[in-house]
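I opened the model and kept notes as I went. The entries follow in the order I looked things up.

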Amino acid sequence: MAEIIKIVNDSQVGEVVFYLNPNAKQYIIRIKRNIKDIEKRFYVRVTIPLGGSYQFAGKFFQKHRLLILQKIDQLKSNVPPPIHEQESELRQKAEAFLPGELERISKTYGLTYKKLKIRKSKTRWGSCSSKQSISLSFYLVLLPRHLIEYVLLHELCHTIEMNHSSAFWSLLDRYTDGRSKQLKRELSNYRIPAF
């Protein structure tokens, strides 16, 4: 059962409630309207998964604070959020950054690929086909730099090992200083913000 860990009053956002939910698999941010409040003001709910920490949840909130403020402003004025505009900006950022980064990592580690596609994928950060074509979600640019590199290395390793066998993880370990599983766990804490 979910329990409140801490309530923080942010000078601009307002009330931020941190919940621990043992059934959650990742950190989640939701903007809620307080129906018990006469003014029906908004508050932010940050869900912490089992094994997660308040410290990380606080950083997660701060990372998305600007988007939260924008969303609250939109909700107050009843203007639908400009989702397509946000996605267009993310796509442009991804198309400007990811091809060069993938090429750099490919050359650094000698892992070759045939083609790159940047897509609007909300369920997978990346994938690699048997023809060594790599697809990347443009939402990748929301991740910290070291996790972007991890995802790119992960997909490049699939050009050699097309599965998640022990041979694949050994290969990925070779390029991540033995931290492949640790980085995988860290990545599992992230998802596309549910704004």
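**Cysteines.** I count a disulfide when two cysteine sulfur atoms lie within 2.5 Å. Before searching, I noted that this is a predicted model, where local features need pLDDT of at least 70, side-chain atom pairs count only at pLDDT 80 or more, and totals for chains, interfaces and linings use all residues. I also noted that residues are numbered from 1 along each chain as its sequence is written, and that side-chain values use heavy atoms, with hydrogens and water left out.

How many disulfides does a search of the whole structure find? I found 0. I then looked up Cys128. Its sulfur is 9.9 Å from the closest cysteine sulfur, in Cys157, and that is too far for a bond. From Cys157, the closest cysteine sulfur is the one in Cys128, again at 9.9 Å.

Next I checked burial. I call a residue buried under 20% relative accessible area, exposed over 50%, and partly exposed in between (1.4 Å probe, protein chains only). Cys128 is buried at 13%. Cys157 is buried too, at 0%.

**His158.** I use DSSP runs for helices (H or I, at least four residues) and strands (E, at least two), numbered from the N terminus. His158 sits in the loop between helix 4 and helix 5. Is His158 buried or exposed? I read a relative accessible area of 8%, so His158 is buried.

I listed its contacts, meaning heavy atoms within 4.5 Å. Leaving aside neighbours within four places in sequence, His158 touches Cys128, Asn163, His164 and Phe168. I also logged a polar contact of 3.2 Å between the side chains of His158 and His154. For a polar contact I require a pair of N or O atoms within 3.5 Å; within protein, one must be able to donate a hydrogen and the other to accept it, and residues adjacent in sequence count only if both atoms are side-chain atoms.

**Helix 5.** Phe168 led me to helix 5, residues 166-175. Its buried residues are Phe168, Trp169, Leu171, Leu172 and Tyr175. They cover an arc of only 160° around the axis, so they are on the same side of helix 5. I take the arc from the directions that run from the helix axis to the C-beta atoms. Ser166 and Arg174 are exposed on the other side. After helix 5 comes Asp177, with a positive phi near 55°.

**Helix 1.** I repeated the check on helix 1, residues 54-63. Here Ala57, Gly58, Phe60 and Phe61 are buried. They fall within an arc of 160° seen down the axis, so they line one face of the helix. Gln55 and Lys59 are exposed on the other side. What covers the buried residues? I found that the cover includes strand 1 (3-10), strand 2 (14-21), strand 3 (28-33), strand 4 (42-49) and helix 2 (65-76).

**Core.** I define a nonpolar core as a set of buried Ala, Val, Leu, Ile, Met, Phe, Trp, Tyr and Cys residues joined through side-chain atoms within 4.5 Å. The largest one has 49 residues, and Val44 and Leu143 touch the most other members. Helix 4 (residues 145-157) gives the largest share of this core, 8 residues. I listed the contacts of Leu143, leaving aside neighbours within four places in sequence: Lys63, Trp125, Ile148, Val151, Leu187 and Tyr190.

**Salt bridges.** My cut-off is a side-chain nitrogen of Lys or Arg within 4 Å of a carboxyl oxygen of Asp or Glu. The whole structure has 8.

One of them joins Glu87 and Lys122, with the closest N and O atoms 4.0 Å apart. Glu87 lies in helix 3 (residues 83-109) and Lys122 in the loop between strand 5 (115-119) and strand 6 (126-128), so the pair ties together parts 35 residues apart in sequence. Glu87 is buried at 9%, while Lys122 is exposed at 53%.

Then I turned to Glu101. It meets Arg104 in a salt bridge of 2.7 Å, N to O. The two are 3 residues apart in helix 3, about one helical turn. Glu101 is buried at 5%; Arg104 is partly exposed at 36%. Glu101 also forms a salt bridge with Arg145, at 3.2 Å, N to O. That pair links helix 3 with helix 4, 44 residues apart. My last entry is the network: salt bridges link Glu101, Arg104, Arg145 and Glu149.
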